[in-house]
Amino acid sequence: MTPAPADAPAPVARGRRELTYAVLLCLAGAGLALWASTRTWAVELTARPAPLPPVRAARTGAGLLPWLPALAVVALAGGGAVLATRAVVRRLLGALLLALGVAAAAGGGYGLVAAFGGEVSRRWPALCLVGGLLAAAGGALTALRGGGWPAMGARYERRARPAVDAPTGAAAGPVTGRRTTEAWDALDRGEDPTAGS
């Protein structure tokens, strides 16, 4: 029997690493796009009769493109949901995150080329564009590779349990013992160790 080479990464470790990268890309990109959309992209000046100074009206990215922060918030939530999904649902979520990232990047791109009145800042639309591209990259990685990534542990999911605990043959119910290990064992079975005490 030939042992596996030490430098060959285990599939599970590689999947966890890719999952981490995808989630970080989605969260960082969506967060950056959301933050950049709340910054001032343009300041419009409205002239008034002399000697009054012109009125300055600051326009944020959210004010110019109201859908942009909403997309970023959905992408933030989707980045966290990547951890809770698995298989086909995770890949579909990745495709959705890819589309959201591209849309946020398009909003940033529009801010770069649009002719707004008054003083215009191009750095915030540029950051929004970068954030959208990062989120899109995380979504693409999830859509392409997410089906094989590990999912959340099954022990934390709520399942229907039989009335009798199979390994011990004891009836499921409140824990009557006071020892710490019994309380932890009850939690592992999904029981409330404080019930009935």
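## Reading a predicted model, feature by feature

Me: The largest cavity in this structure has a volume of about 40 Å³. How many cavities of 30 Å³ or more does the structure hold?

Reply: Let's start with the general idea. Rolling a probe the size of a water molecule over the atoms shows where empty space is left. Please keep in mind that this is a predicted model. Here, the structure holds one cavity of 30 Å³ or more.

Me: Which residues line the largest cavity?

Reply: Follow the sequence and you meet the lining in groups. Gly-29, Ala-30 and Ala-33 are part of it, as are Leu-71, Ala-72 and Ala-75. The lining also includes Leu-100, Gly-101 and Ala-104, together with Gly-131, Gly-132 and Ala-135. The elements that give two or more residues to this lining are H1, H3, H4 and H5.

Me: How do the residues of that lining divide into nonpolar, polar and charged?

Reply: Eight are nonpolar, four are polar and none is charged. Glycine counts as polar in this scheme, so keep that in mind when you look at Gly-29, Gly-101, Gly-131 and Gly-132 in the lining.

Me: Let me step back to the whole chain. What does its secondary structure come to?

Reply: The protein chain has six helices and three strands. Going along the sequence, their pattern is α-β-β-α-α-α-β-α-α.

Me: What share of the contacts with a separation of 6 or more comes from residues 24 or more positions apart?

Reply: For the protein chain, that share is 67%. You can set it beside the surface values: buried residues make up 29% of the 197 residues, and the chain exposes about 12000 Å², with carbon and sulfur atoms supplying 66% of that area.

Me: Now for aromatic residues. How many aromatic pairs does the structure hold?

Reply: A pair of aromatic rings is described by the distance of the centres and the angle of the planes. This structure holds one such pair. Trp-35 and Trp-124 form it, edge-to-face, at 5.1 Å centre to centre and with 90 degrees between the planes. The pair links distant parts of the chain, with Trp-35 in helix H1 (residues 11-37) and Trp-124 in helix H5 (residues 123-145), 89 residues apart.

Me: Is Trp-124 buried or exposed?

Reply: Trp-124 counts as buried because its relative accessibility is 15%, and buried means under 20%. Its partner Trp-35 is partly exposed, at a relative accessible area of 41%.

Me: Let me try that on a glycine. Why does Gly-107 count as buried?

Reply: Gly-107 has 1% relative accessibility, so it counts as buried. You will find Gly-107 in helix H4. Leaving out residues up to four places away in sequence, Gly-107 touches Trp-41, Leu-65, Trp-67 and Leu-68. For a distance along another direction, Gly-107 and Ala-126 are 19 residues apart in sequence and 9.7 Å apart in space, C-alpha to C-alpha.

Me: And where is Gly-63?

Reply: Gly-63 is in helix H2 (residues 61-64) and is partly exposed, with a relative accessible area of 40%. Its C-alpha is 9.2 Å from that of Trp-41, at a sequence separation of 22 residues.

Me: What does Ser-121 contact, leaving aside its neighbours within four places in sequence?

Reply: Ser-121 is in contact with Thr-40 and Trp-41. Ser-121 lies in the loop between strand S3 (119-120) and H5, and is buried, with a relative accessible area of 18%. Another loop residue to look up is Thr-85, between helix H3 (67-84) and helix H4 (87-113). Thr-85 is buried as well, with a relative accessible area of 15%. Beyond four places in sequence, Thr-85 touches Arg-90, Leu-93 and Ala-151.

Me: Last topic: the backbone. Which peptide bond is cis?

Reply: Most residues other than glycine have a negative phi, and most peptide bonds are trans. With that in mind, look at the bond from Ala-50 to Pro-51, which is cis, with omega near 10 degrees. Pro-51 is in the loop between strand S1 (40-46) and strand S2 (55-60).

Me: And what is the phi of Ala-87?

Reply: Phi of Ala-87 is near 50 degrees, a positive value in a residue other than glycine. Ala-87 is found in helix H4, and is partly exposed, with a relative accessible area of 35%.

Notes:
Residues are numbered from 1 along each chain as its sequence is written. This is a predicted model: local features need pLDDT of at least 70, side-chain atom pairs count only at pLDDT 80 or more; totals for chains, interfaces and linings use all residues. Side-chain values use heavy atoms; hydrogens and water are left out. Helices (H or I, at least four residues) and strands (E, at least two) are DSSP runs, numbered from the N terminus. Buried means under 20% relative accessible area, exposed over 50%, partly exposed in between (1.4 Å probe, protein chains only). Contact means heavy atoms within 4.5 Å. Rings of Phe, Tyr and Trp (its six-membered ring) pair if their centres lie within 6.5 Å; planes under 30 degrees apart count as stacked, over 60 as edge-to-face and the rest as tilted. Accessible areas come from the Shrake-Rupley method with a 1.4 Å probe; for residues, only the protein chains shown count as cover. On a 1 Å grid over the protein atoms alone, a cavity is a set of points where a 1.4 Å probe fits but cannot get out, and a pocket is an open set with protein on both sides within 12 Å along at least five of seven lines; lining residues have an atom within 4 Å of a point. Grid points are joined across faces, edges and corners, and a volume is the space filled by probe spheres set on the points.
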